[in-house]
Each structure stands twice: as structure tokens, then as C-alpha cells.
Amino acid sequence: MKASDVKKGNVVEHDGTVYQVRDIERSSPTARGGNVTFRFTMYSIPGGRKFDLSLRADDDLKEMDLVRRAANFSYMDGEAFVFMDNEDYTQYLLSPELVGDNAGYIVEELEGYYVQLIDDAPVGLQVPTSVMLTVVDTAPELKGASATKRTKPAKLNTGIEIQVPEYITNDEKVWVNTTTGEFGGRA
């Protein structure tokens with residue numbers, strides 16, 4: 001496909017690496033006969049490494065067919081995460097490298113996970129925007145803490161650590177924003 005036809009969200013291949021296009025800037029030259037250029041901000045699949053690419057309007061990019069399948073976390077197989085497709089019950093084995101930083105947001109019995117596939121091979125995992133986790137270790141509640149906006153560290157049941165308000169106690173369920181990794185409220 002031509003660079004001028006690429007839209008946000010498209011999945012393309014460049015130099016043997018697969019990227020998802022997140023942002024496009026179009027620059028038109030002021031001189032006659034100048035070429036229109038497109039600057040793409042892309043992130044690699046898997047890995048999520050940022051890559052900037054500038055192309056002329058008639059340069060070619062190879063479009064890839066990325067399939068998103070709704071799946072639920074089933075169990076751990078050694079180091080790997082096993083997800084089961086919600087429709088046809090296919091099992092996908094995702095390596096820790098492929099899951100990356102999302103590992104702390106994987107819990108059983110939660111809807112909203114999507115396994116990303118290219119040619120039926122898993123290449124990425126999309127997690128819900130917020131997940132409910134349990135506080136397993138945090139400092140005790142301080143008297144009068146509700147009047148202040150101070151935070152304290154809390155370790156959650158998946159192993160990640162976030163900052164929570166002082167009134168949160170052990171064994172409480174909290175919402176965590178998976179985009180920012182921040183406390184999102186009591187559950």
C-alpha cells in the first residue's frame with residue numbers, strides 16, 4: 001500500500017519488523033514540484049518500541065493482517081502465560097517477553113484481554129484499561145489519613161507495586177489503570 005493510504009491503527013511491515021501506526025503527520029512543501037512527506041510514529045509488535053519513519057506519498061509499505069481474538073487467562077505453563085480463545089477455545093502460549101510489562105495485570109476470570117495474531121501466531125497481548133487487584137502488603141492505616149492526600153506503596157497480588165491513598169488496607173480490592181499503572185479507586 002502507498003504511504004498516503006496508511007491510516008492510524010494499520011499494521012505494517014518495515015525492514016522485517018512489524019509495527020502498528022499510532023500517529024501520522026503530513027507535511028506539504030511550499031515549493032512547486034516538492035514531494036508530500038508523511039512522518040509515521042509507529043510501535044513494534046511485539047515489544048512496543050517506538051519507531052519514527054518518514055516516507056514520500058508514493059513510497060510503499062507492506063500491510064500486515066493483524067487479528068485480535070478475545071481470550072481469557074487460563075494458567076501458567078512454567079514461565080509462559082496460557083490464554084484460551086473465548087469463541088473456539090484455542091489455547092495461545094504467550095512468552096514472558098511477548099507479555100512484557102502487562103504481566104502484572106493478568107488475573108483469572110477477567111474479561112477484556114485480546115491476543116494479537118499475525119498468520120495465526122501470537123505477537124502481542126492487549127490488556128483491559130483497568131483491572132481489579134488485591135492489596136497484599138501495605139503499611140497500616142493512619143488515623144486522620146482521610147483528610148490528607150498522601151500516598152503509600154502497596155504490593156498487589158500479581159507482584160506489582162503501586163502508590164495508594166493512606167486509607168487503603170491489606171486485603172482490599174482496588175482498580176488499577178493499566179495504561180498509567182496508577183491507583184484508580186476502591187473496587
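This tour visits two groups of salt bridges in the structure, and the model you have open is a predicted one.

Before selecting anything, keep in mind that a salt bridge here needs a side-chain nitrogen of Lys or Arg within 4 Å of a carboxyl oxygen of Asp or Glu, and that by this rule the count comes to eight salt bridges.

Begin by selecting R39 and D52, which form a salt bridge whose closest N and O atoms are 3.1 Å apart. R39 belongs to strand β3 (residues 37–44) while D52 belongs to strand β4 (residues 50–56), so this pair ties together parts that are 13 residues apart in sequence. If you then show the surface, R39 is partly exposed, with a relative accessible area of 38%, and D52 is also partly exposed, with a value of 35%.

Next, select R69 together with D85, another salt bridge, in which the closest N and O atoms are 2.7 Å apart. This pair links distant parts of the chain, since R69 sits in strand β6 (residues 66–77) and D85 in strand β7 (residues 80–85), 16 residues apart. R69 is partly exposed, at a relative accessible area of 21%, whereas D85 is buried, at 1%.

Keep R69 selected and add E87, with which R69 forms a salt bridge whose closest N and O atoms are 3.8 Å apart. E87 lies in the loop between β7 and β8 (91–94), 18 residues from R69, and at 64% relative accessibility E87 counts as exposed.

Finally, add D88 to the selection, and you will have R69, D85, E87 and D88 on display, which are joined into one network by salt bridges that share partners.

Terms used:
Residues numbered from 1 in each chain as written. Predicted model: local features only at pLDDT ≥ 70, side-chain atom pairs only at ≥ 80, totals over all residues. Heavy atoms only, no water. Helix = DSSP H or I, 4+ residues; strand = E, 2+ residues; numbered from the N terminus. Buried < 20%, exposed > 50% of the residue type's maximum accessible area, 1.4 Å probe, protein only.
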